[in-house]
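Work through the exercises below with the sequence and the 3D structure at hand. Each task is followed by a solution in steps.

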Amino acid sequence: MTVRPRRVGRGAPVSLTAALVLVLLSLHPASAATGETDRLCSHDEVRCSVQAPRLWAEGSTQRVGVTGRPDTSLTVRAFRLSTTRAGAVTWEPVGPEAEVTTDERGWGSADLALPAAPAGTAGGPLLVAAAEAEGEDLTTVLGAWSELVTRTPELVGDEYTADKPVGAALGLRLDHVVPGSVYAVQRQEGSAWTAVPAQEGAGAPDSRTTCEETRCTVSYVVPRGLSAGAHTFRLVDVRSGTPVATWPVRPRAAGERRELPAAEIFPVLGVSVQGSLAAGVGSDGAAVVRPRSRNLDVPLLDSPAASPAGAGTHSVRAVQFVAAGIAACALALVLRPGRLRRRR
C-alpha cells in the first residue's frame, strides 16, 4: 500500500476563504444594523431624520415624520429634557410611543398624542426621538427638537430680587408661553387684588400684555407710596382668570439687581449619526432646529459635521464597497499560492 504524504497547510486557504466570505456577508446593511436607528440610516440615497412641529401644546396630537431606508420602522417618543446644575441632561418620557414605518420612497408619518401637563407645570425643550435613544449622548441621537408650551409659563424673572425699585418699569420675562395668551400683574390689597400700572405716570394703563410668541415680557411698576414691608404680587392669566404665580415685593428706592437663571445649553443633536440629515448637512441645515428655550442666543458649537453635505463624509454604500474590495483582494492573495502549487 502506497502512503501519500500529507500536504501540510492545504486546509488553511479553505479556512481563510470561509472567514472572508463571512466578512463579506457581514457588510450587508441588514447584517450590520444593530437597532432601529441603524437600519433606518443604512440607506445611501435617503438620509434618515425625525421631523416634528416647532411648537407642541400640551394635550394635543401632532404628526411626526421619519425619513430613511424604505419599508423600515422606527419607534419614536417625546421626551422632556432639562439640565442639572452640573450640566447633566435628564430625560423624562412624555406620552406614549408611536411606530412609524417608511414607504417605498423612504417617508413615513404617524400621529403622536401628548397628555395634558400637571397643573402648575411649565413647558420647555421637547425632544422627539427614537425611543431606543433614551438617556444617550445627544450627539448620537436621531431626533428633532420641539418646544412644549403649557398653560403655566416659566417665570424667568424681572432682573431684581424681592427688593424692587418703585416707579420704575419692570419687565417680567416669561418663557414657553402659549401664543395668544394674555397676562396681567396685580398686587394684593387686604383681601382683594388690584391692578398695578404698566408704566410710571398719571393715567398709565394697567399692566396687561398679549403674548404673540413663546417668549414674552410683561411690563409692570411697583407703585409709589406703598409701605416698606413686603407686598404680594401675582401674575394672572386674564382669559381664564387663573393665577399663575405669586412673589414678594419690598418697595425700595433703587432695588437690588440679580442675574437671571443661566440658559440651558444642550449638545448639538444628532451630529454623530451616520447617514442622517444632521450628520450630512450640519445642524443649521437639518430638517429640524434646536429647542426654543433660553439658549436661543447661544451659538451652535462648531463641528466638522456642520460642513456641506458630502464634505469629508462617506456614504454607507461607498464604505461597504471599499470594504468589500479590500476583502476581495485579500481573498485573491490567499488563494493565489494554492494555484501556483498546482501548476508545478
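Buried means under 20% relative accessible area, exposed means over 50%, and partly exposed is in between. The model is predicted.

**Exercise 1.** Decide whether Gly-171 is buried, partly exposed or exposed, and describe its surroundings.

Solution.
- Step 1: Locate the residue. Gly-171 belongs to strand 11, residues 169-175.
- Step 2: Apply the cut-offs. The relative accessibility of Gly-171 is 22%, so the residue counts as partly exposed.
- Step 3: List the contacts. Leaving out residues up to four places away in sequence, Gly-171 touches Gly-157, Asp-158, Thr-217 and Val-218.
- Step 4: Set sequence against space. Val-221 is 50 residues from Gly-171 in sequence, and their C-alpha atoms are 8.8 Å apart.

**Exercise 2.** Find which parts of the chain the salt bridge between Arg-151 and Glu-58 ties together, and classify both residues by accessibility.

Solution.
- Step 1: Check the distance. A salt bridge needs a side-chain nitrogen of Lys or Arg within 4 Å of a carboxyl oxygen of Asp or Glu. For Arg-151 and Glu-58, the closest N and O atoms are 2.9 Å apart.
- Step 2: Place the partners. Arg-151 is in the loop between strand 8 and strand 9 (154-157), and Glu-58 is in the loop between strand 2 (55-57) and strand 3 (61-67), so the bridge ties together parts 93 residues apart in sequence.
- Step 3: Classify them. Arg-151 is exposed, at 51%, whereas Glu-58 is buried, at 15%.

**Exercise 3.** Do the same for the salt bridge between Glu-200 and Arg-224.

Solution.
- Step 1: The closest N and O atoms of Glu-200 and Arg-224 are 2.6 Å apart.
- Step 2: Glu-200 lies in the loop between strand 13 (192-195) and strand 14 (209-210), and Arg-224 in the loop between strand 15 (216-221) and strand 16 (231-237); the pair therefore ties together parts 24 residues apart in sequence.
- Step 3: Glu-200 is partly exposed, at 41%, and Arg-224 is exposed, at 57%.
- Step 4: Look for shared partners elsewhere. Glu-159, Arg-173 and Arg-257 are joined into one network by salt bridges that share partners.

**Exercise 4.** Which residues form a negative surface patch, and where does Glu-132 lie?

Solution.
- Step 1: The patch is made of Asp-38, Glu-132, Glu-136 and Asp-137.
- Step 2: Glu-132 is in the loop between strand 7 (124-130) and strand 8 (143-149).
- Step 3: Its relative accessibility is 43%, so Glu-132 counts as partly exposed.

Key. Residues numbered from 1 in each chain as written. Predicted model: local features only at pLDDT ≥ 70, side-chain atom pairs only at ≥ 80, totals over all residues. Heavy atoms only, no water. Patch = residues over 30% accessible without salt bridge, like charges linked within 9 Å, V, L, I, M, F, W, Y side chains within 5 Å. Areas by Shrake-Rupley, 256 points an atom, 1.4 Å probe, with all protein chains shown as cover. Lys, Arg positive; Asp, Glu negative; His and termini not counted. Charge placed at Lys NZ, Arg CZ, Asp CG, Glu CD. Helix = DSSP H or I, 4+ residues; strand = E, 2+ residues; numbered from the N terminus. Buried < 20%, exposed > 50% of the residue type's maximum accessible area, 1.4 Å probe, protein only. Contact = heavy atoms within 4.5 Å.
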